Amino acid sequence: MPQSKSILALCRHAPYGNALAREGLEAVLACAAMDQIPEVLFINDGVFQLLEQNPEAIGEKNLRRNLQALPMFGVETLHICKKSLEDRGLTPDQITVAGAELKFLDNPGAFIANFDQVLSF
Amino acid sequence: MTLHIVNQSPHANNALGDCLQAYVEGDALLLIEDGVYAATGQHDLPESNVYCLKADAEARGISIKSPIEGVDEVRWVSLCTEHNPIVSWFK
Amino acid sequence: MSNLIIDGREIPLDKEGFLRNLEDWSPAAAEALAAQEGIELTEDHWDVIRLLQAFYKEFELSPAMRPLVKYVGQHLGPEKGRSIFLMKLFPPSPAKIGSKIAGLPKPTNCL
C-alpha cells in the first residue's frame with residue numbers, strides 16, 4: 001500500500017499518570033503494521049517517556065521498553081523537543097534509545113507544519 | 001500553516017503554553033470549550049490569527065478581547081480547510 | 001478451542017487458542033499448540049520460537065510481521081530474515097501463529 005499522507009504522532013504526556021502515552025504508542029504501532037509509518041515527536045511531558053523507568057513497582061508494563069521496539073517496526077528516527085528537555089532539567093545526553101536515531105529539535109513548530117496529519121497524545 | 005486548537009482553561013493545565021511553544025509565525029490558534037478562558041486579554045497570545053468560538057465564550061460569560069476574533073461554526077470549518085495540519089491540544 | 005492436556009494436567013486456552021496463563025508454556029505445550037495448527041516443530045521452528053521469546057523479553061510486546069522479519073534477519077541472517085521463510089514455518093500468519101506457539105500474548109497490532 002503506498003503511503004498517501006504523512007503522519008506525525010505528538011507524544012505530549014508522561015508515561016503512567018494516564019493512558020495517553022500508551023495509546024500513542026499503540027496508535028504508532030498500528031500505523032506501522034499497516035505500512036503507514038508515522039514520525040514521532042516527544043514534546044512537553046512526553047520526553048519523560050524516554051527516561052529509564054521501573055514501573056514493575058506500580059504493576060505497569062515498561063513503556064520505554066516498548067518504545068525501544070519502534071525501530072523494529074520501521075520507526076527509526078525519534079524526534080525530541082530540545083526545549084522540553086531543558087525545561088525539565090534534562091539534557092540530550094541523558095536520552096538513549098537502542099537502535100533508534102535521535103534528533104533533537106530546536107523548532108518543533110516548523111517540524112509539525114510538514115505533516116498532513118497530526119495525532120496528539 | 002498549522003491550525004492549533006486548544007480546549008483547556010489556561011488556569012487548569014499547560015495545554016495552551018505547550019501549544020504556544022510549538023506555535024510559529026503564520027500559524028493560527030483557535031480557542032474552544034474551556035480554552036475560551038484564555039480570550040480575556042490576560043494571557044500572552046500571538047498578535048494575529050487568534051480565534052475564539054463565540055458560542056463557547058458566550059456560554060461561559062466570557063467577552064472576547066480584541067484582536068482575538070470571535071468565530072461561529074461555519075468560520076471554524078473554513079479555518080480547518082484553510083490550514084494544514086490541524087493539531088489538537090486537548091489535554 | 002479445546003484446552004490442552006499435558007501430562008494429565010489441563011492447560012486453558014482462549015477462544016483463539018492462545019495460552020490463558022503465559023506461565024503454562026513449556027516445550028511440551030509448544031508441541032501441542034503447534035499440533036493444533038497442523039505444524040510439526042523442526043529445528044528451524046525452534047530457532048524462531050526462541051527469537052520470539054527473546055523479542056518479548058526485550059520489548060515486552062509481541063511482534064507484528066515486519067518486526068519479526070527484521071529481528072529474525074538480525075539474529076539468524078538475511079537468508080532467514082524473509083517473510084517466505086517464516087510463512088513456510090508458521091502459515092498463514094507467522095507473527096500470530098508463532099506467538100501462539102511461543103507462549104506470547106496475541107500481537108495487538110497484527111492484521
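1. A good place to begin is inside chain B, where residues 24 or more positions apart account for 49% of the contacts with a separation of 6 or more. Please keep in mind throughout that this is a predicted model.

2. What are the elements of chain B? Chain B has three helices and five strands. Read from the N terminus on, their order is β-α-β-β-α-β-α-β. With a radius of gyration of 12 Å, close to the 12 Å that the globule rule gives for 91 residues, chain B is as compact as a globular protein of that length. If you picture a box along the principal axes, the C-alpha atoms of chain B fill roughly 30 × 30 × 25 Å. Of the 91 residues in chain B, 42% are buried.

3. Chain C is worth a look next. Five helices and two strands make up its elements, and from the N terminus on they run β-β-α-α-α-α-α, with the strands ahead of the helices. A compact globule with 111 residues would have a radius of gyration near 13 Å, and the 13 Å of chain C agrees with that. The box for the C-alpha atoms of chain C, again along the principal axes, is roughly 40 × 25 × 20 Å. Buried residues come to 31% of the 111 residues in chain C. As for contacts in chain C with a separation of 6 or more, 50% are between residues 24 or more positions apart.

4. You may like to view chain C in parts. Its domain assignment gives domain 1 (4-36) and domain 2 (43-102). Taken over C-alpha atoms, the centres of domain 1 of chain C and domain 2 of chain C are 19 Å apart. Five residues from domain 1 of chain C and four residues from domain 2 of chain C form the contact between them. On the domain 1 side there are four nonpolar residues, one polar residue and no charged residues.

5. Now to how the chains meet. Which chains have the most contacts between them? Among the two pairs of chains that touch, that is chains A and B. Chain B and chain C, on the other hand, do not touch, and their nearest C-alpha atoms are 25 Å apart.

6. In the contact between chains A and B, 16 residues of chain A face 16 residues of chain B. On the side of chain A, α4 (108-112) and β5 (117-120) each supply at least two residues. The largest share there, four residues, comes from α4(A). By class, this side of chain A holds nine nonpolar, four polar and three charged residues.

7. The contact between chains C and A takes 13 residues from each of them. Helix α3 (residues 65-76) of chain C gives four residues, the largest share of the side of chain C that touches chain A. That side of chain C divides into eight nonpolar, two polar and three charged residues.

8. Finally, the core. How many residues does the largest nonpolar core have? It has 86 residues, and those with the most contacts inside it are A:Leu10, A:Phe42, B:Leu29, B:Leu31 and B:Cys52. Helix α1 (residues 20-33) of chain A provides the largest share of this core, seven residues. For a closer look, try B:Leu31: leaving out residues up to four places away in sequence, B:Leu31 touches B:Val6, B:Val36, B:Ala38, B:Ala39, B:Cys52 and B:Leu53.

Note on methods:
Residues numbered from 1 in each chain as written. Chains lettered and ligands numbered in written order. Predicted model: local features only at pLDDT ≥ 70, side-chain atom pairs only at ≥ 80, totals over all residues. Contact = placed C-beta atoms within 7 Å. Nonpolar A, V, L, I, M, F, W, Y, C, P; charged D, E, K, R; others polar. Rg over C-alpha atoms; globule rule 2.2 N^0.38 Å. Buried ≥ 20, exposed ≤ 12 C-beta atoms within 10 Å, placed from the backbone. Domains from an automatic or database assignment. Core = buried A, V, L, I, M, F, W, Y, C linked by C-beta atoms within 7 Å.
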